[in-house]
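Load the model in your viewer and keep the selection panel at hand. The stops below go from the overall fold to individual side chains.

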Amino acid sequence: MKHYLSLLMLFFTISLTAQHTIIGKWKTIDDETGKALAVVEIYEFKTKIYGRVIEIFDANNRKHKCEKCPGDDKGKSLIGLNVIKGLTKDGAEYNGGKILDPKSGKLYKCYITLESQDKLKVRGYIGISLLGRTQYWYRVK
């Protein structure tokens, strides 16, 4: 009975830990229209956090390229484009990196916090975080 209880507690702990991470696939929502736009896969590479577009819901936008994007991103397909770049964990927040707006081609400072296991707060800003925009993304199950 002790072994069964120990295994049950271990499983419960692992399942809670696994859900409290930003790593995974997230449905992006336009903060102005409320419309679902795309799926971004957030992943870790060399201790930094990145996010790439893996799906676009509007069929008319799937073949678009990022013509206004700076540097190496210019002319790249939106599918596969890294829109979150180089965030690091700082307590409950991920910051210190950038987020790319493919529509304008502009890079903004960014921070991300996990609001709940399935809701992500993504804030892009210029200078200080008061001058920016927030979106809420939802985990894809």
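The tour starts with the whole chain, then visits a strand seam and several rings. Note that this is a predicted model.

**Whole chain.** Show the cartoon: the protein has 1 helix and 8 strands, in the order α-β-β-β-β-β-β-β-β along the sequence. Of its 141 residues, 32% are buried. Switch on the surface, and about 9,100 Å² is exposed, with carbon and sulfur atoms supplying 58% of it.

**Barrel.** Colour by strand. The 8 strands form a closed barrel, E1-E2-E3-E4-E5-E6-E7-E8, with antiparallel pairing. On average, neighbouring strands of this sheet are turned by 30° against each other, direction ignored.

**Seam.** Select residues 24-29 (E1) and 132-139 (E8); these antiparallel strands are joined by 2 bridges. Here Lys27 stands opposite Tyr138 in E8.

**Rings.** How many aromatic pairs are there? The count is 2. Select Tyr43 and Tyr50: the ring centres are 5.9 Å apart and the planes lie at 25°, so this pair is stacked. Tyr43 counts as buried, at 18% relative accessibility. Next select Tyr111 and Tyr125, whose ring centres are 6.2 Å apart with planes at 55°, so this pair is tilted. Tyr111 belongs to strand E6 (residues 106-116) and Tyr125 to strand E7 (residues 119-125), 14 residues apart in the chain. Both Tyr111 and Tyr125 are buried.

**Charges over rings.** Go back to Tyr43 and add Arg52, whose charged end sits over the Tyr43 ring, 4.1 Å from its centre. Finish with Lys119, which lies over the face of Tyr136 at 4.6 Å from the ring centre.

Technical notes
Residues numbered from 1 in each chain as written. Predicted model: local features only at pLDDT ≥ 70, side-chain atom pairs only at ≥ 80, totals over all residues. Heavy atoms only, no water. Helix = DSSP H or I, 4+ residues; strand = E, 2+ residues; numbered from the N terminus. Buried < 20%, exposed > 50% of the residue type's maximum accessible area, 1.4 Å probe, protein only. Areas by Shrake-Rupley, 256 points an atom, 1.4 Å probe, with all protein chains shown as cover. Pairing = 2+ DSSP bridges. Axes fitted to C-alpha atoms, helices over the stretch in contact; angles between N-to-C directions. Phe/Tyr/Trp six-rings, centres within 6.5 Å; stacked < 30°, edge-to-face > 60°. Lys NZ or Arg CZ within 6 Å of the ring centre and 35° of its normal.
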